[in-house]
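I opened this entry to go through the pockets, the backbone and the cysteines one by one. My notes follow in the order in which I looked things up.

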Amino acid sequence: MLFSCGGSTERTYNEGALLYKQHCENCHMPDGTGLEALYPPLAESDMLESVDIGAACIIKNGLQGKIMVNGVEFETGMAPITGLSSVEITNILNYIHNAWGNEREFIRLNEVEKTLQACE
């Protein structure tokens, strides 16, 4: 998991948890399970795994249209989360990619910045 590197990643994860609570939890729930057929789960989500760092673009730009997550179709869409810095998006990604049974290597800020530039 990501609690290494002298506390830096732990701080990033904790900041991501706070940002998730503020910006994402209302729809995706405190435990990342989503809200029935309205909002998809992030916990053990096959879509989160497949979009990987591209989730930065979804956070920044939102998402419209039908999507499949863990075999369930969702069409509610997601509004962009405006006003977040690339650091804050990185922290959210590191949190959601390593909470609720998800496991991914630590995402670096420069990777998120390149991804955000590509999705503009």
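**Backbone: positive phi**

I began with E36, which is exposed, with a relative accessible area of 73%. I had picked E36 out for its backbone: phi is positive there, about 45°, although the residue is not a glycine. I placed E36 in the loop between α2 and α3. For background, most residues other than glycine have a negative phi. The model I am reading is a predicted one.

I then turned to N70, which also is not a glycine and has a positive phi, of about 50°. N70 sits in the loop between β1 and β2, the latter being 72–74. Is N70 buried or exposed? Neither label applies: at 36% relative accessibility, N70 counts as partly exposed.

**Confidence**

I checked how far the model can be read. The average pLDDT of the chain is 91, and 94% of the residues score at least 70. Residues 1–6 I set aside, since pLDDT stays under 50 there. For residues 1–6 the model has 12 contacts beyond four places in sequence. Where pLDDT is low, the predicted coordinates should not be read in detail, so I did not pursue those contacts.

**Cysteines**

How many disulfides does the model have? I count one disulfide. It joins C57 to C119, with an S to S distance of 2.3 Å. The pair links distant parts of the chain, 62 residues apart: C57 is in helix α4, and C119 is in the segment after α6 (109–118). I noted the torsion about the S-S bond of C57 and C119 as about -105°, so the disulfide is left-handed.

I looked up accessibility for both partners. C57 is buried, with a relative accessible area of 15%. C119 comes out at 24% and counts as partly exposed.

C24 is in no disulfide; the nearest cysteine sulfur belongs to C27 and is 8.7 Å away. The cut-off for a disulfide is 2.5 Å between sulfur atoms, so a distance of 8.7 Å does not qualify. C24 counts as buried, at 9% relative accessibility. C27 is likewise in no disulfide, and its nearest cysteine sulfur is that of C24, 8.7 Å away. At 25% relative accessibility, I list C27 as partly exposed.

**Largest pocket**

I went on to the pockets. The largest pocket has a volume of about 490 Å³. Its lining comprises 30 residues, and H28, P40, L42, I58 and M78 are the ones nearest its centre. Which elements supply at least two residues each to this lining? I found α2 (25–28), α3 (46–51), α4 (55–61), β1 (67–69) and α5 (86–96). By residue class, the lining of the largest pocket has 22 nonpolar residues, seven polar and one charged.

**Second largest pocket**

The second largest pocket holds about 170 Å³ of space. I listed its lining as E44, S45, D46, L48, E49, D52, H97, G101, N102, E103 and R104. How do these residues divide by class? I get one nonpolar, four polar and six charged.

**Closing note**

I put the two linings side by side for the record: the largest pocket has 22 nonpolar residues and one charged, whereas the second largest has one nonpolar and six charged.

Technical notes
Residues are numbered from 1 along each chain as its sequence is written. This is a predicted model: local features need pLDDT of at least 70, side-chain atom pairs count only at pLDDT 80 or more; totals for chains, interfaces and linings use all residues. Side-chain values use heavy atoms; hydrogens and water are left out. On a 1 Å grid over the protein atoms alone, a cavity is a set of points where a 1.4 Å probe fits but cannot get out, and a pocket is an open set with protein on both sides within 12 Å along at least five of seven lines; lining residues have an atom within 4 Å of a point. Grid points are joined across faces, edges and corners, and a volume is the space filled by probe spheres set on the points. Helices (H or I, at least four residues) and strands (E, at least two) are DSSP runs, numbered from the N terminus. Ala, Val, Leu, Ile, Met, Phe, Trp, Tyr, Cys and Pro count as nonpolar, Asp, Glu, Lys and Arg as charged, and the others, Gly among them, as polar. Buried means under 20% relative accessible area, exposed over 50%, partly exposed in between (1.4 Å probe, protein chains only). pLDDT is the predictor's confidence in each residue, from 0 to 100. Contact means heavy atoms within 4.5 Å.
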